[in-house]
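Okay, thanks for making room for me this morning. Let me put the sequence and the structure up, and then I'll walk you through it.

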Amino acid sequence: MEKLAQSFYQRALELRGKPLDAADLQRPALVFAPHPDDDVLAVGGTIALKRQRGVEVGVVYLTDGRRAPSSLTPSRLARRRHREALAALKTLGVVAGQARFLDFEDGQLAQHERAAQGQVAEILDRQAADQLFVPLPWDGHRDHEAAFRIVRAAARSCQRRHQVLAYPVWFWEHWPWSAPCSGNDAVASAFFRHSARAWLRGLRTLDRWTDVGAALEQKRAALACHVSQVVPGEGTGLAGLDGGRFLARFFTGREHFSQRSW
Ligand SMILES: [Zn+2]
């Protein structure tokens with residue numbers, strides 16, 4: 001049942017949306033990731049395709065990722081995630097000089113929006129990118145939603161006009177890609193109500209997509225660099241979330257975006 005619903009949804013998004021074309025893939029881009037790994041999960045294939053074409057891609061990490069569940073202390077985890085992010089980018093063809101780490105505290109980004117806006121505005125001024133990848137403004141995670149607001153405020157003060165593509169990460173933590181976290185009836189019915197709303201909203205807004213089939217192995221290798229996140233026992237075990245269904249969603253061969261004006 002879930003599999004059928006997943007294929008139906010993906011097909012619906014493809015029919016209703018438009019793939020990124022050759023011109024879109026040629027645009028120099030900046031990817032804004034609230035945490036190290038969001039870039040790979042949601043945009044990794046698209047980044048690899050751009051780099052295969054020699055197109056410049058920069059990645060900006062807004063927080064240090066120190067709050068993910070882990071046996072490491074927060075500061076050690078932050079250092080480790082920094083190294084993992086660089087290794088993953090290398091796998092996608094992005095050199096270390098194109099990565100920026102703003103190092104705001106994981107989970108606290110909304111409390112530093114002003115400071116982050118200033119830094120993002122400087123990056124937008126310096127970098128000749130006219131395509132921006134940002135989290136969906138309704139992705140369901142406070143750092144992701146704050147990241148969207150920060151980039152929007154900074155981009156509005158910038159002279160350059162950008163193509164804006166918002167990407168889902170936690171959006172996929174709804175049925176049929178995920179299951180209720182408890183057997184409690186009230187929890188399950190709230191989960192399905194949320195899922196129905198997310199479905200409709202996704203169908204309305206996720207109007208662009210990339211066929212990343214040719215870069216899927218590179219994307220898989222890049223995600224494997226985030227050992228602290230994907231190896232069960234190391235930390236959160238994203239790999240184990242919903243029996244692997246959540247992570248599998250990022251390897252269907254499609255990356256979906258919502259093209260928007262600010
Ligand atoms: Zn994240």
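One definition before the sheet: I call two strands paired if DSSP finds at least two bridges between them. Helices and strands here are DSSP runs, H or I over at least four residues for a helix and E over at least two for a strand, numbered from the N terminus. What you see is a predicted model, so to speak with the usual filters: local features need pLDDT of at least 70, side-chain atom pairs count only at pLDDT 80 or more, and totals for chains, interfaces and linings use all residues. Residue numbers start from 1 along each chain as its sequence is written.

Right, the sheet. It's open, it has 8 strands, and the order is β1-β7-β8-β6-β5-β2-β3-β4 with mixed pairing. The edges are β1 (18–19) and β4 (99–104), each pairing on one side only. At the β4 end, β3 and β4 run parallel, joined by 4 bridges, and Val 60 has Arg 100 in β4 as its bridge partner.

Now go to β5 (residues 131–135) and β6 (residues 163–167): they're parallel, with 5 bridges. Between those two strands the chain passes through helix α6 (residues 142–156), and that β-α-β crossover is right-handed, meaning that with the strands pointing away from the viewer, the path from the first strand over the helix to the second runs clockwise. On its other side, β6 meets β8 (residues 254–260) in the antiparallel sense through 3 bridges, with Ala 166 opposite Ser 258 in β8.

So what's buried in α6? Asp 143, His 144, Ala 146, Ala 147, Phe 148, Ile 150, Val 151, Ala 154 and Ala 155. Buried here is 20 or more other C-beta atoms within 10 Å of a residue's own, exposed is 12 or fewer, partly exposed is in between, and the C-beta atoms are placed from the backbone. The cover over those α6 residues includes β2 (29–33), β3 (57–63), α5 (113–126), β5 and β6.

That takes us to the largest nonpolar core, which has 61 residues, with Val 31, Phe 32 and Val 151 making the most contacts inside it. A core, for us, is a set of buried Ala, Val, Leu, Ile, Met, Phe, Trp, Tyr and Cys residues joined through C-beta atoms within 7 Å. And which residues does Phe 32 touch? Leaving out anything up to four places away in sequence, Val 60, Leu 62, Leu 132, Phe 133, Val 134, Ala 147 and Val 151; touching means backbone-placed C-beta atoms within 7 Å.

Last bit: the backbone oddities. Most residues other than glycine have a negative phi, and most peptide bonds are trans. Asp 37, though, has a positive phi near 125 degrees. Asp 37 sits in the loop between β2 and α3, and it is buried, with 27 other C-beta atoms within 10 Å. Asp 103 also has a positive phi, about 60 degrees, but this one is in strand β4 and is partly exposed, with 14 other C-beta atoms within 10 Å. Then there's a cis peptide bond between Trp 175 and Pro 176, omega about 10 degrees. Pro 176 is in the loop between β6 and α7 (185–205).

That's my tour, over to you.

Conventions:
Two residues are in contact if their C-beta atoms, placed from the backbone, lie within 7 Å.
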